[in-house]
Amino acid sequence: MKLSRNDACWCGSGRKYKKCHLEMDLRLEELEKKGYIIPPRSIIKTEEQIAGIRRACQLSREILDGLEDVIAPGLTTEAINTWVHEYTMAHGAYPAPLHYNGYPKSVCTSINEVICHGIPEQRVLVDGDILNVDVTCILDGYYGDTSRMYLIGEPSAQARELVQVARECMYLGIEQVRPFNRVGDIGYTIEQHVRKYGYSVVQDFGGHGVGVEFHEEPFVQHYGEKDSGMILIPNMVFTIEPMINTGTYKCRVLDDNWTAVTADGSLSAQWEHTVRVTEGGVEILSE
Ligand SMILES: [Zn+2]
């Protein structure tokens, strides 16, 4: 059904269509005719949703900040889980991972060769470990997803470089986020950076739309071709969360059906932000 120029816009802004999304829709229509993948309207967030997602993201960020003072050699990943769970609940939110498709804990803790989805347990952090903690809060129904790396004591020079390169990858990917760039531009830019170091980019997991659900469209590859994938338009919200390995990009999932490790036991590092496409570029909601 086609909207008339004077109808209220489909996006919920309350403005007339001609003063809101009409021009963009015409441009997208042309691109779709040429074979481009355009975003479904269902993933374009309203201002109200964005405000809610931003609050959820800020709580998740606050948790990662708080963990900077908590994480130390001798701590178990189970203790990190307890800290995250209690902080989340104390702030009126709920940890999205808990019972998500049967996941047993409130946070993911991924050490060394673990790529992602490490399950907190009695493993004690030791000097030299690199650790990713991945937090997603549900606050007032909105999801905020962010993760970062923690260095335990003095990791090796290679481990520290890997952590740094993974962080650079996330920010280089974020720099590609602007209207009418494409999802593939993010992955392409990340993979080009990783190649300079001889590291590899995990392919089996990626970023994802987020905000109203834990996982929405689009899937965000961290490798691949530029000028490929879905067109970006304002108020799409998704994560960029490159997982970078020192060895092979290939993964193996352990018998717990969650923990993903590098197939060759090499180190893996990951950083993650939730971002929003703005009129002029990007807003990092979880920074
Ligand atoms: Zn609109």
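Which residue just after α3 takes a positive phi? It is G92, with a phi of about 75°. That turn of the backbone is a handy place to start a walk through this predicted model.

**The whole protein**

Let's step back for a moment. The protein has 5 helices and 15 strands. For 287 residues, a compact globule would have a radius of gyration near 19 Å, and the protein has 20 Å, which agrees. Its C-alpha trace spans about 65 × 45 × 30 Å along the principal axes. Of the 287 residues, 46% are buried. Among contacts with a separation of 6 or more, 67% are between residues 24 or more positions apart.

**Two helices, each with a buried face**

Helices α3 and α4 can be read side by side.

| Helix | Residues | Expected span | Distance between end C-alpha atoms | Arc of buried residues |
|---|---|---|---|---|
| α3 | 77–90 (14 residues) | 20 Å | 20 Å | 140° |
| α4 | 157–175 (19 residues) | 27 Å | 27 Å | 115° |

Take α3 to begin with. At 1.5 Å a residue, its 14 residues should span 20 Å, and the end C-alpha atoms are indeed 20 Å apart. Its buried residues are T77, I80, N81, V84, Y87 and T88. Seen down the axis of α3, these fall within an arc of 140°, so they line one face of the helix. E86, M89 and A90 are exposed on the other side of α3. The cover over the buried residues of α3 includes α2 (47–67), β1 (94–95), β2 (108–111) and β4 (130–139).

T77 belongs to helix α3 and deserves a closer look. Why does T77 count as buried? Because it has 24 C-beta neighbours inside 10 Å, where 20 or more are needed. Leaving aside residues up to four places away in sequence, T77 touches T109, P120, E121 and R123. The C-alpha atoms of T77 and G118 are separated by 9.4 Å, although these residues are 41 apart along the chain.

Now for α4. The buried residues here are A159, L162, V163, A166, C169, M170 and G173. Viewed down the axis of α4, they fall within an arc of 115°, so they line one face of this helix too.

**Strand β2 and its partner**

T109, one of the residues that T77 touches, leads us to β2. Both faces of this strand are covered: C108 and S110 are buried on one side, and T109 and I111 are buried on the other. In a regular strand the side chains alternate between the two faces of the sheet. β2 pairs with β4 in the antiparallel sense over 4 bridges, and T109 stands opposite V133 in β4.

**Strand β14, covered on both sides**

How many of the 5 residues of strand β14 (residues 273–277) are buried? The count is 5 of the 5, so the strand is largely enclosed by the rest of the structure. H273, V275 and V277 are buried on one side of β14, with T274 and R276 buried on the other. Strand β9 (residues 237–240) is joined to β14 by 4 bridges, and the two run antiparallel; within this pairing, F238 has V275 as its bridge partner. β14 also pairs with strand β15 (residues 282–284), in the antiparallel sense over 3 bridges. There, R276 has E283 as its bridge partner. A hairpin through 4 residues joins β14 to β15.

**A small open sheet**

Another group of strands forms an open sheet of 3, in the order β6-β10-β13, with antiparallel pairing. β6 (200–201) and β13 (268–270) stand at the edges, each with a single partner strand, so one side of each is left without a neighbour in the sheet. Strand β10 (residues 243–245) is joined to β13 by 3 bridges, and N245 of that pairing has S268 in β13 as its bridge partner.

**The nonpolar core**

In soluble globular proteins, nonpolar side chains tend to be buried together. The largest nonpolar core in this model has 66 residues. Those with the most contacts inside it are A56, L131, M149, L162, A166, I244 and A269. L162 and A166 appear among the buried residues of α4 as well. As for A56, it touches C137, I138, L139, Y142, Y143 and G144, not counting residues up to four places away in sequence.

Terms used
Residues are numbered from 1 along each chain as its sequence is written. This is a predicted model: local features need pLDDT of at least 70, side-chain atom pairs count only at pLDDT 80 or more; totals for chains, interfaces and linings use all residues. The expected span of a helix is 1.5 Å times one less than its number of residues. A residue is buried if 20 or more other C-beta atoms lie within 10 Å of its own, exposed if 12 or fewer, and partly exposed in between; C-beta atoms are placed from the backbone. The arc is that of the directions from the helix axis to the C-beta atoms. Two residues are in contact if their C-beta atoms, placed from the backbone, lie within 7 Å. Two strands pair if DSSP finds at least two bridges between them. The radius of gyration is taken over C-alpha atoms; the globule rule is 2.2 Å times the number of residues to the power 0.38. A nonpolar core is a set of buried Ala, Val, Leu, Ile, Met, Phe, Trp, Tyr and Cys residues joined through C-beta atoms within 7 Å.
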